[in-house]
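Colleague: I am new to this structure and should be grateful for a guided account. Could we proceed by question and answer?

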Amino acid sequence: MTPIVEFRGVSYRINGHHILRNLSFSLAAGETLVLLGRSGSGKTTALKMVNGLLFPTEGEVCVEGMPTTSWDPIRLKRRIGYVIQEAGLFPHFTVADNVGLVPKLEGWPPSRVRARTGELLEQVTLPPSEFSLRYPRELSSGQRQRVGVARALAADPALLLFDEPFGALDPVTRLELQNQFLALREQWGKTAMFVTHDVREAMRLGSRIGLLHHGALEALAPPEEFRRQHGDEAQAFLACLDLK
Amino acid sequence: MSQRGAQVMSSGLPGEIVQLTMEHLWLVLLSITIAVGIALPMGVLLTRKRPLQGWVLGFANVVQTIPSLALFGFLIPLPLIGGIGQHTAIMALILYALLPVLRNTFTGILGIDPAVRESALAMGMTDGQLLRLVELPLAARTILAGVRVATVTTIGTATIAAAIGAGGLGVFIFRGLASVDSTLLLAGAIPAAAMALLADGGLGWIEKKFSPV
Ligand SMILES: Nc1ncnc2c1ncn2[C@@H]1O[C@H](COP(=O)(O)OP(=O)(O)OP(=O)(O)O)[C@@H](O)[C@H]1O
Ligand SMILES: [Mg+2]
């Protein structure tokens, strides 16, 4: 079976800086690959390679077997749900309009967009009656992130990219949403790439964990195996697990 | 509407005030509409074609620095667009109104948080959708501020258009100057000032309807 996403020797260089170094890995259908790494290690850059916001300077990224450079850029982006770091909501759209954006762009009839929007807001525990008509500036940052998640799910994409979607949440809500994420994954069998700098979150959510360090993949292993990694960077992250 | 103000002296002062005010309004509305029609798409284009920026904004800037009476003078001898009358005046008024609208369209769109633009691209918006759904709504307030400045300036500059026979409230002012008649001066100045204040207030009010973001 062709992998949903495949990085083949991907490097990204800008103004002489090497931001990604020779990344190779692939994602099978239904899998959640967590990219773990410090701030600035290249996680967001790697995600943007998948939906064609950026293109490799060396190597190629294939989605459903086809290089991102061969995809129609608009089609590729609409096929992939993207939860942007810090939510990236449209400040002049209501919550409902933000969530319903991609379905609307895809030409769904308004009644269906509305139904879908309501359903998703329920799922991320933002009752539509209370939140639909608010603007992003009228939400807490955790609520904004949840709207970002709902927006990415809206057109029911088979592949989802999450860029620290639970970063601004309190630990309780964070745990709730992580559980929700696991439940939804069971239910829908979606494929996901999930970026985080939180090793606990990586262990809970990942079917495999890829550790990025200065743009290079230091380790790639399922959680149990990741625990036994010896590299310095892996050890540094694993040390965080022992706290508390 | 295109009648010359000087031809309607028979209807008495109040009637003439109404007549010339309408003429003035017409000059302003026509020039502003055309100027916005040119400057708005051009401003959008400049955000797409960065190398053109210097040239276009530079040209508009230079035009703005030419004293209005001189600009009218320069236009008169030109074929097609020149000559005496309304069309030359409208031409000059358009040239003046271009810069504020152009500059504000351009800076309004470039001033949008790059993260919002990237988010729109990430959602798979086409360039047209990005413009229509994100950039224009978010820049609307700034663009309208440019239209407001252009309109208020044009209302003032249009009084000078009477010098080349374009009519409007300037007719009173020039006649008042020639005959040292302050009643005539006021008959031209007061409606022009009132029009400018109304335009400023009205457009300012619409501007505030758009969220600052
Ligand atoms: N346009 C750019 N020009 C130059 N350097 C850039 C550019 N974009 C990102 N970088 C650099 O690339 C590196 C990786 O950035 P990236 O956003 O992928 O990090 P990240 O792992 O997502 O970090 P964080 O956890 O803080 O979000 C950083 O050092 C950043 O400064
Ligand atoms: Mg990041």
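Modeller: What follows treats the sheet, one helix and the aromatic rings in turn. This is a predicted model, in which local features need pLDDT of at least 70, side-chain atom pairs count only at pLDDT 80 or more, and totals for chains, interfaces and linings use all residues. Residues are numbered from 1 along each chain as its sequence is written, chains are lettered from A and ligands numbered from 1 in the order in which they are written, and side-chain values use heavy atoms, with hydrogens and water left out.

Colleague: Which strands of chain A stand at the edges of the open sheet?

Modeller: Strands here are DSSP runs (E, at least two residues; helices are H or I, at least four), numbered from the N terminus, and two strands pair if DSSP finds at least two bridges between them. In chain A, 6 strands form the open sheet with mixed pairing, in the order β6-β7-β8-β3-β9-β10. Each edge strand has a single partner, so one side of it is left without a neighbour in the sheet; these strands are β6 (80-83) and β10 (216-221) of chain A.

Colleague: What angle does helix α1 of chain A make with β7(A)?

Modeller: Helix α1 (residues 43-50) of chain A packs on the sheet, and the strands it touches include β3 (32-37) and β8 (191-196) of chain A. Contact means heavy atoms within 4.5 Å. Axes are lines fitted to C-alpha atoms, for helices over the stretch in contact, and angles run from 0 to 180 degrees between N-to-C directions; for α1 and β7(A) the angle is about 160°.

Colleague: How far apart are the end C-alpha atoms of helix α5 of chain A?

Modeller: The expected span of a helix is 1.5 Å times one less than its number of residues. For the 14 residues of α5 (residues 110-123) of chain A this should give 20 Å, and the distance in the model agrees: 20 Å.

Colleague: Is the pair of A:Phe181 and A:Phe194 stacked or edge-to-face?

Modeller: Rings of Phe, Tyr and Trp (its six-membered ring) pair if their centres lie within 6.5 Å; planes under 30 degrees apart count as stacked, over 60 as edge-to-face and the rest as tilted. A:Phe181 lies in helix α8 (residues 171-188) and A:Phe194 in strand β8 of chain A, 13 residues apart. Their centres are 5.3 Å apart and their planes at 75°, and the pair is edge-to-face.

Colleague: Are A:Phe181 and A:Phe194 buried or exposed?

Modeller: Buried means under 20% relative accessible area, exposed over 50%, and partly exposed in between (1.4 Å probe, protein chains only). Ring pairs also link these two residues with A:Phe162 and A:Phe166 into a cluster. A:Phe181 and A:Phe194 are both buried.
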